[in-house]
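This report takes up the surroundings of one residue and then turns to the chain as a whole.

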Amino acid sequence: MARDVKQYPREALIFGISTLPKLHLEVLAAVAKHIDVHMFLMNPCQEFWHDIASDKLQIKLVRKAKPSSIENIKDLHFDRGHPLLSSLGTLSQEFLNLLGDYSPVLQDIFQVPAKPGILSTLQTQILELNDPATTEKKIIAPTDQSIQVHSCHSPVREVEVLRDALLQQLSQDPTLEPRDILVMAPDIESYAPYIAAVFDGETLEKQKIPFSIADRSRQKESPVAEAFLKVLALKGARLTASQILELLEEPTIRNCFDLSLADLDQVRQWISDTHICWGIDGAFKERFDLPPLDNNSWKAGFDRLFLGFALPANEEALFEGILPYDGVEGSASVVLGNFYGFCDQLFKTIETLDQSRSLAEWGQFLVDLVEGFFQTEAKDELITLTRQLQDLEQTEDLSGYTESIDFEVLHCILQRELSLASSSGFLRGGVTFCSLLPMRSIPFKVVALLGMNDAAFPRKSPTVSFDLMTQEPQKGDPSRRQEDRYLFLEAILSARNALIISYIGQSVKDNSEAPPSVVVCELLDALDQGFKTADADNVRKHIVTRHRLQGFNPVYFSADQRLFSYSHDNYAGARALVSQKEKLLQKSSSSDKEPNAFMQRELVVSEDNLKTVTLAQLVKFIQNPTQYFLRNQLGIFLNQESDTLQDQEPFRLDGLSNYQISQELVEQILADEVSPQLFELYVAKCILPQGSLAAPTFEKCVATARSFASKVQSFTQDKQPESLAYDQSFDGIRLVGELTGFYSQGLLRHRCASIKSKDRLSTWIHHLAFCSVTDEGATTSARSYLLGNSSKDLTYNFVADCRQHLTELLVLFQSGQLKPLSFFPNAAFGYCEEKLKGKTVTKCLDKARLKWLGNEYSVGEYKDADFDYCFGRLNPINEEFVRLAEQIVEPLLNSESEA
């Protein structure tokens, strides 16, 4: 070393170090024999505080001592000093003691805080090693807000409260600039979306606060990098429908293949209709030890789509064993081409990932992958990712390793590199958001700490049983808990004007309280010991602010100086809330409008649009008035069936598919048009289970259909049905449509399933229409029949006052276009059936509520998405429900009987 000393620099400068292990200090001591080594350390106290002990440590030492040798804890002559210094400064205390063993030349540079206020006073007490328990308490000025602690309900409320607090600081201090503000959090990654939403969501230019977020992983910071890793993660995956569509939902990938968000809806529909589940083709499935069948694969789906585009629309004829998909024409063909181009390029890329390459070759391959899959206006993201991939060649040169490596090794390297935190957003001129890490103890006028929750800070580091450092810790050993406690002390000392702390202290469910981090509790305890208010109130009451669940709570815009908001959007919401409450208070007790109703007033609809109603419209309305109103008047479509794509091929038919196949078979049998290729058609549709399960599953459906068809044929006597054009007027309302299913016995409706409430309502409306055009002398033949795949079939007798019932239903139809009606078929049938049995009103209502709420044996009607949307906050089994049930269902039951 002595021979090479001339090659060393003249001096070494070390900044921002809170602690070092003894081994590193020995190395620095050896270097200091040849050059000057300068260490710049932050010492929180100008006095000798190396032997002070916190209350907790004193108790621990007393317990270790022999009881006979100590009569009182005072006999040990402990010095506590300031409680925050002795409790939070253990890390620095041990390091300074360790550093003293090397006899360094010390030069102290301390500055006593000169500003008035609780924060500066606290910093002075720590600097001068004053124990607040032994001195007179300082009085806090009522306007002193240099230390603030905010208890919130959620992370987003923390950020909203922080934004208001910062706007207050900026308005009160003209010299304060956003660059003078530092905000830290134990996990900045989890707060980053809320920070961007709140600070970027400000619409008023004068209230916008510039900011930057540091310490985010490159993967989370860049959508391109995150999508890039998603593509690589498909290596060895099943390539399910949801995985592929999830990639296309990334704008950077979607733009590269000229696909829009609207196009994705079409693509999703194609995938669902062609029953694509997973796998490129049959050969791909063989890798998973499965039979090489193309069913439910991407190949099978694209074959159907392209053949449907090439051939005329006909979904009932096979071509070379493939069933063309009807529905790809016009501009949809362009979407299909772009979608196929994406899938083809993706599948080929994934196949090539099996090859081994050198680092340089992998770098070029991945650069080409980025250029082929990603397109974004944020060119910097693409350039940054490309440079990181090009660095693989430099890594190869530096390491000298030129052998080929497998993809798994490369993937591990990329995941590690892209998950590293980036400090690119640190000190960019605006408010700096960053993680609570060492080397952040830079003096800022305002220091804020987010997420100081009990379980979040101090952070816990996982330990393993074979870690000897945890079994016999030495001075200078790394300790995540002690580091975090000292970081909190550094944050207190770094704040020049204000220290703002927030935590989740209230539950969003029941508003129950939760404690803050233990270090925040220690800070509040120290303030209680050293300070008091002018009116002798608890110091915590002055410092801690409990916030409301919502930012638009009217209290934030009242005279309360503790709760305030600068948000104009929340102000508008608070005004609307106050206005609504005032209106509710002014309402008379006889008002029939419920405060929590879906609509407080009816829609305004042109009467001309309600003068003509079709039979189909009336049926749809009566079956579910709420759904009809939402879809036709408000344009709200609530999909009750899950739109989640199926990632597994069917191993058995679900209830809906079983019904659809059986019903279709019944119609073909009744029409004597059973196709000889029917089984092959369903196999080509990929609805049936694969392989040997397909034939028995289909035969079971055929048996069910033939049994039910014979039941229907015994009624029809193999005669073909007749139809009748319908056009009648009811008090100025025209009802039009076509009545089908006429036989000599009457009107027939059949369903190869159990009869439900909606089937009975549909048959009832058609029966009323049938009766309204029946001659007076033919009333005995004016009957309707409803056959189901069960022992209970229903008959409807002639209704003399059918026109009156139709008029009432049409009036309800008009009313139902103005607001949702409280008519729920299952609950209504339950109520009226009990009433016809002579049960009391209470029993009838109990039955209706049972149908509405359900129990362990049945699903409640309230789970219908449309009903829940409009009536989920109410008890809809009310007077209006009873009136509608009696008006609609009771006449039906009076006419209905078992066949």
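## Surroundings of Ser772

In this predicted model, Ser772 touches Tyr726, Cys802, Arg803 and Leu806, when residues up to four places away in sequence are not counted. With one of these residues, Tyr726, the contact is polar, since the side chains of Ser772 and Tyr726 make a polar contact at 2.7 Å.

Ser772 belongs to helix H29, which covers residues 757-772. Because its relative accessibility is 14% and the cut-off for a buried residue is under 20%, Ser772 counts as buried.

## Fold and burial in the chain

The protein chain contains 34 helices and 22 strands, and of its 899 residues 44% are buried. Among contacts in the protein chain with a separation of 6 or more, 74% are between residues 24 or more positions apart.

## Overall dimensions

For the protein chain the radius of gyration is 38 Å, whereas a compact globule of 899 residues would be expected to have a value near 29 Å. Taken along the principal axes, the C-alpha atoms of the protein chain fill a box of roughly 120 × 80 × 60 Å.

## Surface and charge

The protein chain exposes an area of about 47,400 Å², of which carbon and sulfur atoms supply 50%. Its charged side chains comprise 89 positive and 123 negative ones, and the centres of these two sets lie 6 Å apart.

Notes: Residues numbered from 1 in each chain as written. Predicted model: local features only at pLDDT ≥ 70, side-chain atom pairs only at ≥ 80, totals over all residues. Heavy atoms only, no water. Helix = DSSP H or I, 4+ residues; strand = E, 2+ residues; numbered from the N terminus. Rg over C-alpha atoms; globule rule 2.2 N^0.38 Å. Buried < 20%, exposed > 50% of the residue type's maximum accessible area, 1.4 Å probe, protein only. Contact = heavy atoms within 4.5 Å. Areas by Shrake-Rupley, 256 points an atom, 1.4 Å probe, with all protein chains shown as cover. Lys, Arg positive; Asp, Glu negative; His and termini not counted. Charge placed at Lys NZ, Arg CZ, Asp CG, Glu CD. Polar contact = N/O pair within 3.5 Å; in protein donor to acceptor, adjacent residues only side chain to side chain.
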